[in-house]
Amino acid sequence: MKHSNRYSKPQRKRAGDVTAKKSLGQHFLTDESIARRIVDSLTTCGEQEVRNVLEIGPGMGILSKYMVNDKLINLKCVEIDSESVAYLHNHYPTLQLVEGDFLKLDLTKIFDAPFAIIGNFPYNISSQILFKVYDNHNVVPELVGMFQKEVAERIVSPPGNKSYGILSVLLSAYYDMEYLFTVPETVFNPPPKVKSAVIRLRRNGRTTVDCDEDLFKKIVKAGFNQRRKTLRNALKAMDLNYDPNIPDALLDKRAEQLSHTQFEHIAKHIRS
């Protein structure tokens with residue numbers, strides 16, 4: 001008996017559409033209801049207060065169209081694909097476009113005030129996008145984005161979960177994170193081989209971690225790079241000098257068992 005395989009059947013490209021480029025990790029969302037739901041997931045700053053929003057990789061503008069004419073949104077889009085840039089200029093002439101690589105942008109120069117980030121992010125750079133958001137947490141109060149489902153689950157994962165990782169720890173220091181909804185493969189052109197998910201990050205009000213931030217990041221990364229080992233053994237190569245205020249019980253745990261506050265406590269009580 002022959003079974004249909006509707007999940008892997010690619011959708012046809014319409015005349016005038018942008019060609020999805022594998023090198024850029026492009027999978028264009030085609031479902032308008034999901035696009036609207038993503039945009040509606042951005043929280044508001046308050047009544048009649050205009051908020052700055054940066055969209056990463058607008059493609060053919062399926063998200064942009066719901067924001068570009070909203071008087072309460074000051075929208076800018078960053079797009080690396082010249083074909084998409086030409087398409088957007090033609091279809092949305094008032095859209096403020098920055099042509100270039102988001103990962104190379106100085107985010108402090110995009111707006112003159114904090115801004116939210118939104119996007120159907122290219123999966124091949126989604127983790128890099130989040131590391132950049134972490135490094136610029138003081139200017140990015142919120143992010144709503146589409147990720148590969150596995151990555152989304154890893155980001156919002158709590159301590160003690162096997163999917164809990166470096167980004168889970170770093171981002172939870174400054175953001176409250178929510179898994180919003182799952183998105184099937186069939187609403188993209190071309191369809192990816194995996195399910196997707198939309199998550200939201202919102203600043204939790206902290207202005208800084210309670211330790212040296214560079215050391216905090218190094219300890220978190222070292223711990224997860226050898227996640228099968230206890231933290232004490234994973235950090236041996238760093239030749240750290242611990243003071244007695246660090247309980248042995250913390251150092252004898254694996255990285256995936258520690259919260260961001262516990263990592264901060266360890267970093268705070270390391271002597272130079």
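A residue is called buried when its relative accessible area is under 20%, exposed when it is over 50%, and partly exposed in between (1.4 Å probe, protein chains only). The structure is a predicted model, in which local features need pLDDT of at least 70 and side-chain atom pairs count only at pLDDT 80 or more, while totals for chains, interfaces and linings use all residues. Residues are numbered from 1 along each chain as its sequence is written, and side-chain values use heavy atoms, with hydrogens and water left out.

**Exercise 1. Get an overview of the chain.**

Start with burial: 47% of the 272 residues in the chain count as buried. Next, look at the secondary structure, where helices (H or I, at least four residues) and strands (E, at least two) are DSSP runs numbered from the N terminus. The chain has 9 helices and 11 strands. Finally, take the extent: along the principal axes, the C-alpha atoms fill a box of roughly 65 × 60 × 30 Å.

**Exercise 2. Find the partners of strand β9 and decide how enclosed it is.**

Two strands pair if DSSP finds at least two bridges between them. Begin with strand β6 (residues 142-148), which pairs with β9 in the antiparallel sense over 7 bridges; here Glu142 has Arg202 of β9 as its bridge partner. Then turn to strand β7 (residues 175-183), also antiparallel to β9, with 8 bridges. In this pairing, Tyr175 is matched with Arg203 of β9. Now check burial: 6 of the 8 residues of β9 (residues 196-203) are buried, so the strand is largely enclosed by the rest of the structure.

**Exercise 3. Work out which side of helix α2 is covered.**

First list the buried residues of α2 (residues 82-91): Ser84, Val85, Tyr87 and Leu88. They cover an arc of only 165 degrees around the axis (taken from the directions from the helix axis to the C-beta atoms), so they lie on the same side of α2. A general rule helps here: an α-helix has 3.6 residues a turn, so residues three or four places apart point the same way. Next, ask what lies over these residues; the cover includes β3 (73-79) and β4 (96-99). Last, look at the start of α2, where a side-chain oxygen of Asp81 comes to within 3.2 Å of the backbone nitrogen of Glu83.

**Exercise 4. Explore the nonpolar cores.**

A nonpolar core is a set of buried Ala, Val, Leu, Ile, Met, Phe, Trp, Tyr and Cys residues joined through side-chain atoms within 4.5 Å. The largest one has 52 residues, and those that touch the most other members are Phe102, Ile117, Phe147, Phe216, Phe263 and Ile266. Helix α6 (residues 213-225) gives this core its largest share, 6 residues. There is also a second, separate core of 27 residues, with Ala35, Ile118, Phe181 and Phe188 among them.

**Exercise 5. Compare the surroundings of two histidines.**

Contact means heavy atoms within 4.5 Å. Take His260 to begin with: this residue sits in helix α9 (residues 260-268) and counts as buried at 16% relative accessibility. Leaving aside neighbours within four places in sequence, the contacts of His260 are Tyr164, Val169, Ser172, Ala173, Arg206 and Phe216. Then move to His269, in the loop between α9 and β11 (270-271). His269 is buried too, with a relative accessible area of 15%. Not counting residues up to four places away in sequence, His269 touches Tyr242, Asp243, Asn245 and Ile246.

Methods:
Polar contact = N/O pair within 3.5 Å; in protein donor to acceptor, adjacent residues only side chain to side chain.
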